[in-house]
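Student: Before we go through this model, I would like each label to be tied to the rule behind it. Could we take the labels one by one?

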Amino acid sequence: MNKNLVITTVSVAAVLTLIVLLHKEETYNVHLEKLKQEYAIKPTPSVDHSKLALLRQDFETPQDVTRACIFCHTERHKEIMGSSHWNWERTGYIEGRGLATIGKKNIINNFCIGAGANEQACAKCHIGFGMTNDRFDFSNAANVDCMVCHDNSEEYLKGSSMAGYPDRSVNLRNVALSVGSPRKSNCGACHFYGGGGNNVKHGDLEESLLACDREVDVHMAANGMDMSCVTCHSAENHVMKGRLYSVSADNKNRAFCEDCHTDSPHLDNLLNRHTRVACQTCHIPHYAKVNATKMEWKWSEAGRLEHGKPYSIENEDGKHIYLSTKGEFLWEKNVIPDYIWFNGTADHYLLGDTVGDFPVVINPLNGSYDDKRSQIIPVKVHRGDQIYDRQTRMLVQPKLFGTQKGDSAFWQDFDWALASEAGMNRVGLPFSGDYKFVETEMYWPVNHMVSPKDKSLDCAHCHVREGGRLAGLGGFYLPGRDRNSTVDMVGKLILYLSIIAVLIHTIIRIVVLVRERKSVVAQDDSERSP
Amino acid sequence: MRRVLVYKRFERFWHWSQAALVIFMAVTGFEIHGSYSLFGFEKAVSFHRTAAHLLLGLIAFAVFWHFTTDGWRHYIPTTRNIMAQIKFYMVGMFRGESHPVARTELSKLNPLQRLVYLGLKIIIIPILVISGLLYMYYADLENAVKIIRTTDLELIALWHTAGAFLMVSFLVVHVYMTTTGRTSLSNIKAMLNGHEEIETEQITEDQAT
């Protein structure tokens with residue numbers, strides 16, 4: 001008996017031990033170490049521009065610098081002039097529209113609304129010189145601004161509201177002698193400050209990335225791989241790899257984590273099989289980790305004046321929460337993303353479109369569980385309200401920027417009717433004068449600020465009955481979150497009935513036993529003996 | 001009375017290791033289902049899958065054993081005495097009557113056991129095993145043979161959960177029924193040491209199916 005008990009105990013213990021032993025713990029990821037080794041070696045430029053006599057001159061105009069560049073790089077400007085960085089538009093297929101050309105010329109957003117009629121200010125982020133209005137000459141190679149991307153002196157700076165010209169303080173000779181491969185600060189000069197300040201738009205792209213630690217971003221960390229933007233957003237013939245869906249629409253030339261990490265990056269194959277979940281979903285648990293980003297922008301509040309003058313209110317972080325020129329803002333830090341299905345294509349509100357549903361989604365990102373190309377991605381949703389024409393049912397492109405009072409710019413005259421009239425007139429659209437403010441939403445996929453492995457999401461962040469990160473994402477079965485209520489109900493009923501039946505049976509047996517004992521103990525004994 | 005070997009060594013090993021695996025898989029499985037939190041979802045899934053592979057191996061051995069030793073014959077269903085057996089559990093055992101169908105080496109399962117265990121073997125376990133395998137490999141199947149779509153996961157999970165509820169209900173009743181032997185521990189002892197006291201006079205041709 002004892003020996004047998006030991007055998008049984010041993011076989012049960014053996015099974016449980018096997019489970020623990022066969023359950024593999026993660027070991028060393030060789031592929032990842034190889035990648036780190038590969039990217040630790042920073043490329044050495046083949047030319048030191050500071051040694052070139054041609055560049056050792058005092059340039060009169062920034063266009064002279066461009067001409068000097070073209071003197072050696074005789075064909076490069078043609079590549080640039082074919083790029084969206086220059087043209088501010090791209091032609092591609094959009095579902096429901098067919099072939100369409102979209103870009104900053106004909107889309108609007110719910111931040112500063114749009115570039116149309118405001119070129120002089122907005123062109124601070126155009127890689128050209130002299131875009132004062134909508135008649136910019138896109139075929140003049142001399143107006144290509146090579147320096148904004150290739151300056152390595154950290155001295156180059158585009159002037160405020162100077163139509164894309166450099167600030168007067170810039171020493172063009174120093175800049176020209178320094179040129180090289182774009183650094184984070186070059187890309188960041190525009191991509192960090194979109195919307196009028198640091199981290200206003202993206203939430204995951206901001207100046208803290210210039211010198212951050214691994215907690216903020218494992219790739220760009222100064223104490224980590226210290227990768228630059230162009231390491232991933234590599235360029236072939238000046239066409240940058242990567243798509244941002246606040247301006248893009250098609251699923252082409254995108255930059256993917258998988259480009260380096262392959263489509264089976266985890267040692268645990270169970271994780272690799274999460275093919276419908278984008279890497280970013282688990283590996284970017286929060287965005288705006290260091291500095292806050294704008295989550296809401298209410299244009300309807302703009303225009304309040306104090307003693308006839310515009311004013312501003314700041315929060316404790318020194319961020320504007322109110323500006324007479326722009327309205328009311330909500331800032332947030334360490335934000336948990338929203339999650340949506342996305343297949344790599346998007347539609348956009350194009351100037352002149354009419355709308356009926358509110359809030360207006362300015363850039364609807366396409367995708368669903370049933371669409372096999374779709375993955376779950378993290379997004380920043382930027383909400384706000386902006387001006388709309390009740391009669392034409394169009395969102396309005398107002399003229400915001402003006403150099404002086406009386407030229408109908410909202411930032412000078414604070415008159416929505418005048419600003420809208422002027423703006424819509426410039427983009428060639430009607431304006432009835434009957435306006436109101438409608439709610440709008442914009443979707444910004446979150447792709448940066450990748451956290452260290454141990455900070456990424458756990459299974460239970462999504463695979464949990466209630467309150468999970470994907471609680472709001474329907475249309476598919478998520479183990480741990482979902483269940484079939486009928487199966488659960490009937491199953492529980494059967495289980496509970498079994499337990500109740502067993503209990504009733506036990507009680508009857510006990511009652512019978514007690515009664516027997518009480519009655520005739522002796523007789524009971526004789527009955528039981530063989 | 002004589003003492004006979006009812007459960008051979010393999011049967012006992014099979015029974016107890018299967019018991020351990022089934023209970024462990026129920027615990028981890030219902031955690032994955034979201035019923036409670038114990039190991040944490042990640043560990044629960046990992047343990048559940050490892051245990052599943054062990055159980056599959058065990059089932060393969062058991063099937064082989066049943067066919068090579070003719071052990072499967074114990075599960076041939078019969079309606080003979082089934083009412084008597086039900087009546088015994090409902091009434092007879094409270095009156096101190098003895099089991100209507102005595103256990104023998106040739107027929108160690110009573111008619112009710114035959115039916116329930118057969119159901120377990122050909123309905124509940126296959127439901128769990130098939131839906132479980134699909135649950136584990138549907139993504140690979142989808143890419144390889146295109147007969148399964150990821151959208152079928154809900155259906156797979158539904159069957160797997162239904163099977164699990166039946167299995168757990170079986171477990172409750174099964175564990176309780178082990179106490180209804182000649183004495184309340186005699187059945188469990190028999191499954192531990194393999195031997196059982198059998199009343200010699202009751203072995204007849206009639207019962208040896």
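Student: What should Arg243(A) and Asp250(A) be called, buried or exposed?

Tutor: Both Arg243(A) and Asp250(A) are buried, where buried stands for a relative accessible area under 20%, exposed for over 50%, and partly exposed for what lies in between, with a 1.4 Å probe and protein chains only. As to conventions, this is a predicted model in which local features need pLDDT of at least 70 and side-chain atom pairs count only at pLDDT 80 or more, while totals for chains, interfaces and linings use all residues. Residues are numbered from 1 along each chain as its sequence is written, chains are lettered from A and ligands numbered from 1 in the order in which they are written, and side-chain values use heavy atoms, with hydrogens and water left out.

Student: What makes the pair of Arg243(A) and Asp250(A) a salt bridge?

Tutor: The rule asks for a side-chain nitrogen of Lys or Arg within 4 Å of a carboxyl oxygen of Asp or Glu. In Arg243(A) and Asp250(A) the closest N and O atoms are 3.0 Å apart, and 3.0 Å falls within the 4 Å limit, so the pair qualifies. Over all chains, the structure holds 23 salt bridges.

Student: Why is Arg135(A) called exposed or buried, and what is Asp134(A) called?

Tutor: Arg135(A) has a relative accessible area of 66%, which is over the 50% limit, and therefore counts as exposed. Asp134(A), at 41% relative accessibility, lies between the two limits and is therefore partly exposed. These two residues also form a salt bridge, with the closest N and O atoms 3.6 Å apart. Through salt bridges that share partners, Glu119(A), Asp134(A), Arg135(A) and Arg426(A) are joined into one network.

Student: How do you know where Arg76(A) and Glu79(A) sit relative to each other?

Tutor: Both belong to helix H4 (residues 76-81) of chain A and are three residues apart, about one turn of the helix; helices here are DSSP runs of H or I with at least four residues, strands are runs of E with at least two, and both are numbered from the N terminus. An α-helix has 3.6 residues a turn, so residues three or four places apart point the same way. The closest N and O atoms of Arg76(A) and Glu79(A) are 2.8 Å apart, and they form a salt bridge. Arg76(A) itself has 40% relative accessibility and counts as partly exposed.

Student: What makes strands S9 and S11 of chain A a pair?

Tutor: Two strands pair if DSSP finds at least two bridges between them. Five bridges join S9 to S11 (residues 375-389), and the two run antiparallel, so the criterion is met. One of the bridge partnerships is that of Asp338(A) with Val379(A) in S11. S9 (residues 338-342) is mostly covered, with four of its five residues buried.

Student: Why does Asn343(A) get its accessibility label, and what is it in contact with?

Tutor: Asn343(A), in the loop between S9 and strand S10 (360-361) of chain A, has a relative accessible area of 5%, which is under 20%, and is therefore buried. Contact means heavy atoms within 4.5 Å, and, leaving aside neighbours within four places in sequence, the residues in contact with Asn343(A) include Asn251(A), Arg254(A), Asp371(A) and Arg373(A).

Student: What makes Asp415(A) a cap of helix H15 of chain A?

Tutor: A side-chain oxygen of Asp415(A) lies 3.0 Å from the backbone nitrogen of Ala417(A), at the N-terminal end of H15. Among the buried residues of H15 (residues 416-426) are Trp416(A), Ala419(A) and Met424(A), and what covers the buried residues includes S11 and strand S13 (435-445) of chain A. After H15 comes Gly428(A), whose phi is positive, near 75°.

Student: How do you know what joins chain A to chain B?

Tutor: By the contact rule, 43 residues of chain A touch 51 residues of chain B. The buried area, meaning the accessible area (1.4 Å probe) that two parts lose on being put together, summed over both, is about 4300 Å² here, with carbon and sulfur atoms giving 69%. The rule finds zero salt bridges across this interface.

Conventions:
Polar contact = N/O pair within 3.5 Å; in protein donor to acceptor, adjacent residues only side chain to side chain.
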